[in-house]
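Work through the exercises below with the model open. Each task is followed by a solution in steps.

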Amino acid sequence: EDDFADATSNEKLERRDWYELSQEVADDTIVMGLISDNDERAYLEEIKHLENWCQENNLLLNVSKTKELIVDCSKKQERHYQPVRISGTTVERVDSFRYLGVHISQDLSWSRHTNSLAKKARQRLYHLRYFTALQ
């Protein structure tokens with residue numbers, strides 16, 4: 001935890017330090033990239049750096065559990081991005097996924113997350129009423 005506090009207080013983390021930190025702090029890792037002017041090169045390079053780092057450190061990326069979510073806030077027509085490939089396998093592109101208990105969608109709305117929470121609350125309320133009626 002002290003490493004995390006020290007690292008986050010620095011203005012700039014080196015790429016290698018960030019990867020080491022992400023592996024120490026959490027089991028789940030997210031790579032975020034910004035695609036500007038329809039140029040995906042920096043984003044794809046960042047993914048390649050992660051893939052290389054994992055190989056150098058004898059870590060295996062489970063591509064079947066890896067997902068890509070594209071958030072495009074532009075008002076322009078829909079863009080077509082090239083698929084991400086890790087170890088020769090295409091990463092599945094999704095319109096939403098669950099990360100650390102929060103549903104994140106490509107339109108950044110909260111509807112999927114709140115619907116999930118409401119469903120869970122209804123299920124628990126049903127069980128509470130059922131068990132209360134038994135007593």
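**Exercise 1. Contacts and fold order**

Task: Find what share of the chain's contacts with a separation of 6 or more comes from residues 24 or more positions apart. Then list the order of the elements.

Solution. This is a predicted model.
- Step 1: Take the contacts in the chain with a separation of 6 or more; residues 24 or more positions apart account for 53% of them.
- Step 2: Count the elements: 4 helices and 6 strands.
- Step 3: Read from the N terminus; the order is α-α-α-β-β-β-β-β-β-α.

**Exercise 2. Surface and burial**

Task: State how much area the chain exposes and what percentage of its residues count as buried.

Solution.
- Step 1: The exposed area is about 11100 Å².
- Step 2: Carbon and sulfur atoms supply 50% of that area.
- Step 3: The chain has 135 residues, and 18% of them count as buried.

**Exercise 3. A charged residue in helix 3**

Task: Locate Glu51 and decide whether Glu51 is buried or exposed.

Solution.
- Step 1: Glu51 sits in helix 3, which spans residues 41-56.
- Step 2: Its relative accessibility is 5%. Buried means under 20%, so Glu51 counts as buried.
- Step 3: Set aside neighbours within four places in sequence; Glu51 is then in contact with Leu61, Arg85, Ile86 and Ser87.

**Exercise 4. The largest nonpolar core**

Task: Name the members of the largest nonpolar core and trace the contacts of Ile47.

Solution.
- Step 1: The core holds 6 residues: Tyr43, Ile47, Val63, Val84, Ile86 and Val91.
- Step 2: Leave out residues up to four places away in sequence; Ile47 touches Val31, Val84 and Ile86.
- Step 3: Set this against the general trend: in soluble globular proteins, nonpolar side chains tend to be buried together.

**Exercise 5. The largest pocket**

Task: Give the volume of the largest pocket and describe its lining.

Solution.
- Step 1: The volume is about 1200 Å³.
- Step 2: The lining has 38 residues, and the closest to the pocket centre are Thr29, Ile30, Val31, Lys67 and Phe97.
- Step 3: By class, the lining splits into 24 nonpolar, 6 polar and 8 charged residues.
- Step 4: Helix 3, strand 1 (67-69) and strand 5 (96-99) each supply at least two lining residues. Helix 3 gives the largest share, 4 residues.

**Exercise 6. Positive phi**

Task: Place Leu100 and Leu108, and give the phi of Leu100 and of Leu108.

Solution.
- Step 1: Most residues other than glycine have a negative phi.
- Step 2: Leu100 has a positive phi of about 50°. Leu100 lies in the loop between strand 5 and strand 6 (102-105).
- Step 3: Leu100 counts as exposed because its relative accessibility is 62%.
- Step 4: Leu108 has a positive phi near 60°. Its loop runs between strand 6 and helix 4 (111-134).

Definitions and conventions
Residues numbered from 1 in each chain as written. Predicted model: local features only at pLDDT ≥ 70, side-chain atom pairs only at ≥ 80, totals over all residues. Heavy atoms only, no water. Buried < 20%, exposed > 50% of the residue type's maximum accessible area, 1.4 Å probe, protein only. Contact = heavy atoms within 4.5 Å. Areas by Shrake-Rupley, 256 points an atom, 1.4 Å probe, with all protein chains shown as cover. 1 Å grid on protein atoms, 1.4 Å probe; cavity = no way out; pocket = protein on both sides within 12 Å on 5 of 7 lines; lining within 4 Å. Points joined across faces, edges and corners; volume = space filled by probe spheres on them. Nonpolar A, V, L, I, M, F, W, Y, C, P; charged D, E, K, R; others polar. Core = buried A, V, L, I, M, F, W, Y, C linked by side-chain atoms within 4.5 Å.
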